[in-house]
Amino acid sequence: MWSTARTIAAGDLVIVWLTRDLVQPLYVAPGKDFNSKYGSYRHADLVGLPYGSKVRARGGRGFIHVLRPTPELWTLALPHRTQILYLADIAFITSWLDIRSGSRVIEAGTGSGSFTHSTARTIGPTGHLWSYEFHEARFAKARDEFARHGIADRVTLTHRNVCKEGFTVEDTVDAVFLDLPAPWDAVEHAKKALRKDRVTRICCFSPCMEQVLRTVSALNEAGFTDITMYETLIRPQDVSVVPKLKPISEVSARLKEAERRREEKRQRQIREAQRRKRKRAEEEGEGEGAIQKEESEGVEVKKVKTDGEGGEKGDVVEENDGQAVEGKDAALDVRPAQDATASTSAVVPSKTEPQPDAEEAGQEEETIVVSKTFPEVRGHTSYLTFACLLPAALVTRASEPPPSKGTGDVEMAVVAE
Amino acid sequence: MQEGTSTLPLNTSRGLIQDGDTVLLRLPNGDVRSIKLEKDSTVNLGRVGSFNASDLFNHTYGLTYDISGKKLEVIPPRSIQEVEDTEATNELINDGEFVQPLTSEEIETLKKSGVPASEIIKRQIEQHANYSLKTEYSKEKYKKRKEAKYSKTFTTIEPTLFNVCEYWFKKDQSRLRDIRCDTLSQMLHLASVRPGGRYIVVDDASGILVAGVLDRLSGDGRVISICDVESSPAYPVLTQLNLKKEALSTVLSSLNWATADEEYIPMLAASGTSREVKSERQKVRASKRKAAGDSLVSVREELFDGEFDGLLVASEYDPLSIVEKLSPYLAGSASIVVQSPNIQVLADLQSQMRQIPHYLAPAVTEVWLRRYQVLPGRTHPFMNMSGSGGFLLHAIKM
């Protein structure tokens, strides 16, 4: 499969990690350049570097991480030809189907090859995967890709519509995985392909409940047992470092102080206005003064109001001695660190460490680590319908009419067609 | 396992039941028992009955047996049967009504006289006053409940990693530190465990993580596990996987937090050589001591030489101290996967790892799994679901 050497060689596939949301495959070809908004890099410069190196851009300030490909990274980086399977589903299916070193597995359809790469890794050199794709262009792309990734020896790729033509092997495989629009049409074919000397397993991957019901019905008719269905998801957590939550006594004190200041200011302004009025009255004549009085009173009323609001805002900045603001910045700085990690994490060196002296110093603020689920997450991928097939002799017996229909342990009922 | 592979198969028993295997048996009420099968020993399943262990040898897993007398009879797997929708409702059925004239003493007598479960249930139904009023769905439920109570059957469960994990999780999930089947499979994938790979495993979860990696390696690869006890760690989960001892010892080696420390000076190796040998017994003891010492030295060297492909952790100890201690032995671009039942532990770990440049993109996720009842007209998620399989942190060593 992919290189297991310590260092990168010409011709290797490497995964270029730009940010968490920007992960790209790169085939190292000395002579070529890799250009991105994070700078320009010569392929030749990557050769000989250990996998997992951080590489600085030529002349620029950007950098990239060059990683060893794994099926999981490939799933993040691969060119999408179809909707693809992700980690949670792939891992769960692999586990339920008992796919491991030496397993013989069927997959239909190939799609973008996300499940293919993962399974090729898990079965190792002693196992074998038969993969079927009915779309010719996708088949051709997958064929080239598998050859390039060195898995062509353990993956036999066939261009075929398995619902119509069935599979190319009989009585051979330990497990079948069907990611097809109408998996029920392939169930009988799957039964032929599964080996008959031991328990074998099947998984059908369908996004809709209606598909599940038809699949369950087909599996039951074909003699599969232990039919069950799961849904699995990964819920990413958003971890951030925030200032320790303040007690309300602080808020209360702040509000009281603000009110006291506002009142002080108001009193000051009234005194000032009266002083000015008196002054003007002394300086100018009686008749003109009456008009002035009205005008200035109007202005002063407004002024008190605006000053009051402005004063309150000003108080927050002053009285919280910039800590709240600084604290917020610290929390914000942490987020990019999550994405680009290494470099940006240096932005918040001391803030996130618990600082026992912080309070005494009065400069550093105590922080806490909090976590929450992201506001929008993947809520559904597909339903995973599983079933077992017991060795042939028993399945034949099972398909006879049940002996004691009245009292049998009826776990499920067939969908009436 | 396939025939003709060059590697030593770690688990040859998968597929057929062998003498000495520990097997999982599912009883009619859904309970699962773990039983070690010894030749000609009697397996007692309580109410369900007893049988001779040898009767299961060389059978494939997944079969259902009926115990009549002490003999086992394979019964065909059950297929789904149609339930007809009728107009019946529970309008006229009230709780607490006397509906079953058949007394428990009478049922007991029937059971003792060897009347099959299906016959007892049939008689109960015949005498049940309101049975005909029930909906067809309700009748099915009633029959299933009675079946679980009276039938003398059991099913062998293949010891796949999934099934073994599910068995332990149901038995006591705290002993697995909440590692559910989906958690385990995600960890194995995030660490990209592959045949031939080399992994460091810290497992305070009864060995489920070690079991997972060993199962994926199937005898080809290397695992060094680090534990918190002096002697070799007890990983009870390995029992059900029926791993072959010889193959196991070539793949798995264990160190503890003292012997995994580069500063540690092994006592065994230092004192074992200079002593004068007196008796044959002492000779044997001395050579054993020497072998143990040599093996410890070589495992330590192997760890310190590093370049491991992944680190998997499910531990009760401070995760940052573990990750910092062991990450120097990882190859560049190796995966680090840490599981905890508590989000707080991993949230703290993530915020600490973010500040250390040689960890790329530490990310915390929660696993979520929901199982469905798939019955036509009655397909819905199970009313009870597992609340937590814990949380995962994944990062890449730079």
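# Exercises on a two-site model

In helix 5 of chain B, the buried residues are Cys181(B), Asp182(B), Thr183(B), Leu184(B), Ser185(B), Gln186(B), Met187(B), Leu188(B), His189(B) and Leu190(B). Buried means under 20% relative accessible area, exposed over 50%, partly exposed in between (1.4 Å probe, protein chains only). Helices (H or I, at least four residues) and strands (E, at least two) are DSSP runs, numbered from the N terminus.

The model is predicted: local features need pLDDT of at least 70, side-chain atom pairs count only at pLDDT 80 or more, and totals for chains, interfaces and linings use all residues. Residues are numbered from 1 along each chain as its sequence is written, chains are lettered from A and ligands numbered from 1 in the order in which they are written, and side-chain values use heavy atoms, with hydrogens and water left out.

## Exercise 1

Task: describe how covered helix 5 of chain B is, and what follows it.

Solution. Step one: count the buried residues; they are 10 of its 10. Step two: look just past the helix. Ser192(B) takes a positive phi of about 50° there.

## Exercise 2

Task: locate the annotated "binding site" residues and state whether each is buried or partly exposed.

Solution. Step one: take the positions from the record. UniProt, in an unreviewed entry, places the feature at Glu133(A) and Asp179(A). Such annotations may be inferred rather than shown by experiment; positions are in the numbering used here, and feature names are shortened. The two are spread over 47 residues of sequence, yet they cluster in space, with a largest C-alpha distance of 10.5 Å.

Step two: take Glu133(A). It sits in strand 8 (residues 128-133) of chain A. Its relative accessible area is 2%, so Glu133(A) is buried.

Step three: take Asp179(A). It lies in the loop between strand 10 (175-178) and helix 7 (187-193) of chain A. Its relative accessible area is 26%, so Asp179(A) is partly exposed.

## Exercise 3

Task: list what Glu133(A) and Asp179(A) touch.

Solution. Contact means heavy atoms within 4.5 Å. Residues up to four places away in sequence are not counted. Step one: Glu133(A) touches Gly109(A), Thr110(A), Gly111(A), Arg138(A), Phe139(A), Thr158(A), His159(A) and Arg160(A). Step two: Asp179(A) touches Leu85(A), Ala108(A), Gly109(A) and Phe205(A), with the sequence neighbours up to four places away again left out. Step three: find Gly109(A) in the list for Glu133(A) and in the list for Asp179(A).
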